[in-house]
Each structure stands twice: as structure tokens, then as C-alpha cells.
Amino acid sequence: MRGDAALPSEPPAGANAGQTRCIIPGTAEAVRELLQSLVSGPLGRALSPEQVSNLEIVLAEVLNNVVEHAYAAFPGRVCVTLRREGADLRCEVCDQGAAMPGLDLPAGRQADLAEIADLPEGGFGWFLIRSLTQDLSYRRDNGVNHLSFLLPARQLPH
Amino acid sequence: MELHAQESGGILVIRALQDRIDAAGAIRFKDMMRDLTRNSAAPRVVLDMSKVAFLDSSGLGAVVAVLKALQPDRTLELSALTPTVQKVFRLTRMDSIFTIHDAVPDGLRHAG
């Protein structure tokens, strides 16, 4: 039941070396502030410019999806956990909002770019996420959505 | 969301002064672009994105919406895309839809 689900709790002091965890309200403004602080903060400075850029793109899409869909009917918070795995970055985003439709990830296929009049104005998000991540997975557990992905150090060409 | 418009010789150059076109501001951006382009008859609209460090799919959708609203008689071109913005356009292949300039056409660059 909504409200009973718990986001991951803070790890004990000293256990979070190499890990960044942030909990923010599920609003577009809070997402913007989080992205700006991640990019300009210690984690952003530790990653390559390419990886920072990819992190910002992917997290923007993932978090905006939580704001617009998971929390479409009621508000809530979002937890973002980032952990270095060698040169790669393991990311997990948790929220207490509505489940992903079909309890599964959208395909996020490249849209057909035909006539200008028929161009899509949406639906790019999952395609961007899939283009820039590996190991993308979703599970729902006790009312909490968990989205996990790896942001590799080097992007393979598409 | 701040936009600055300057028109000369059939080209309307709109410079985005905010550093992000994202979910938090995309609707406002689209509305302001609609107002600015409606107030001009210039057939070519050039969006100067030199100050925009980041654009997400909401921002991309808003730019596409502006392009569609100008059709069929007017065009929307883009200029001075920064690296992350360029990447979003390239990955989604929207860089094949828009005419993208490295810089604003000569004679229309804003001072400062």
C-alpha cells in the first residue's frame, strides 16, 4: 500500500565510500537542481566529460519519467544511488510511485523520422536511456520501483 | 526562460539565454517561441543555442513543436549547439531534420 513502502535507508556512516545517494521530491525543479549539483560536484569532477554528459542525459530522462508517470497521480520522493564500478558507474533510481505499465521497460525504439508534420514530439526518452546505458533493469518490490543501469566509461558507437 | 529576438533581412534570430531547455521549462520555452515567431513575418527563424548547455527529451520535443508550428511557409534552423545538446540531437537523429549552423549567420550576432 502506498505510504507503507520505504525508500532505501541511509547506509551506516563509513559504509558509503565511493557512493553518492540523494533523495529528492519528485518534481521537475528538484530533478533540475539534482542534475546541476551532480554535474558540478565531486562525482561530476571525478568522471570524464563524456560520462558526465551521458549521466546527465540518462538521469534527466529516468527522473523525468518518474515525475511524469510514477508520480502522475500522487506526489512522492525519488532516491538516486550512484556507485563507481571501476571506471563504470552503477546507478539505481527508486520511487514509491505507480508501477511501470506491464511491470516492464518500454522498448524505446528509434522513431521513424518521416514528414516534418508527422514528427514525434515525445517518446525520445527511453531511446536515449537505452542508447547510453548497459544492464538496464526494472523490478518492483513492496511498492517500490527500482530501476538500475550501468553507465559505461566509454560509449560504444551506435 | 529568457529569449531575446532580433530580426534583420528576413531572418529572425532568437537567442536562448537560459542554460537549460528541460522538463522544468520546456512548456514555457515553447509558448515564448510561439509568441516571438508570431510577432514576426520573417521566413527564416534561427534559434541561437550557444548559451544552452543542456537539453532533454522535453526540450527536444518543444523545439520540434516549434518547427512543426512554423511549417510549411517558415523554417526553424539551429545554431551553436553545445556538446551535450549536440549529442541528444545526434542520438535521436534529429540532426538530420534541422539545418544546424556552427554559429549565428553573419551580421546578426549579438554583442556580449
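In this predicted model, the second largest pocket has a lining of 17 residues. Those nearest its centre are Asn65(A), His69(A), Ala70(A), Met100(A) and Trp126(A). Three elements of chain A give two or more residues each to this lining: the helix α3, and the strands β3 (88-95) and β5 (144-151). The helix α3(A) has the largest share here, with five residues. Sorted by character, the lining of the second largest pocket holds 12 nonpolar residues, four polar ones and one charged one.

Now let's turn to the largest pocket. Which residues lie nearest its centre? They are Glu68(A), Gly122(A), Gly123(A), Ser57(B) and Ser58(B), out of 23 lining residues. Elements from chain A and chain B come together around this pocket. From chain A, α3 (49-70) and α4 (125-132) each supply at least two lining residues, and from chain B, α1 (26-38) and α2 (57-70) do so too. Once again you will meet α3(A), which gives the most to the lining of the largest pocket, with six residues. The residues around the largest pocket divide into nine nonpolar, 10 polar and four charged.

Here are the volumes of the two pockets:

| Pocket | Volume |
|---|---|
| Largest pocket | about 480 Å³ |
| Second largest pocket | about 260 Å³ |

As you look at the structure, α3(A) is a good helix to find: six of its residues line the largest pocket, and five line the second largest pocket.

Terms used
Residues are numbered from 1 along each chain as its sequence is written. Chains are lettered from A and ligands numbered from 1 in the order in which they are written. This is a predicted model: local features need pLDDT of at least 70, side-chain atom pairs count only at pLDDT 80 or more; totals for chains, interfaces and linings use all residues. Side-chain values use heavy atoms; hydrogens and water are left out. On a 1 Å grid over the protein atoms alone, a cavity is a set of points where a 1.4 Å probe fits but cannot get out, and a pocket is an open set with protein on both sides within 12 Å along at least five of seven lines; lining residues have an atom within 4 Å of a point. Grid points are joined across faces, edges and corners, and a volume is the space filled by probe spheres set on the points. Helices (H or I, at least four residues) and strands (E, at least two) are DSSP runs, numbered from the N terminus. Ala, Val, Leu, Ile, Met, Phe, Trp, Tyr, Cys and Pro count as nonpolar, Asp, Glu, Lys and Arg as charged, and the others, Gly among them, as polar.
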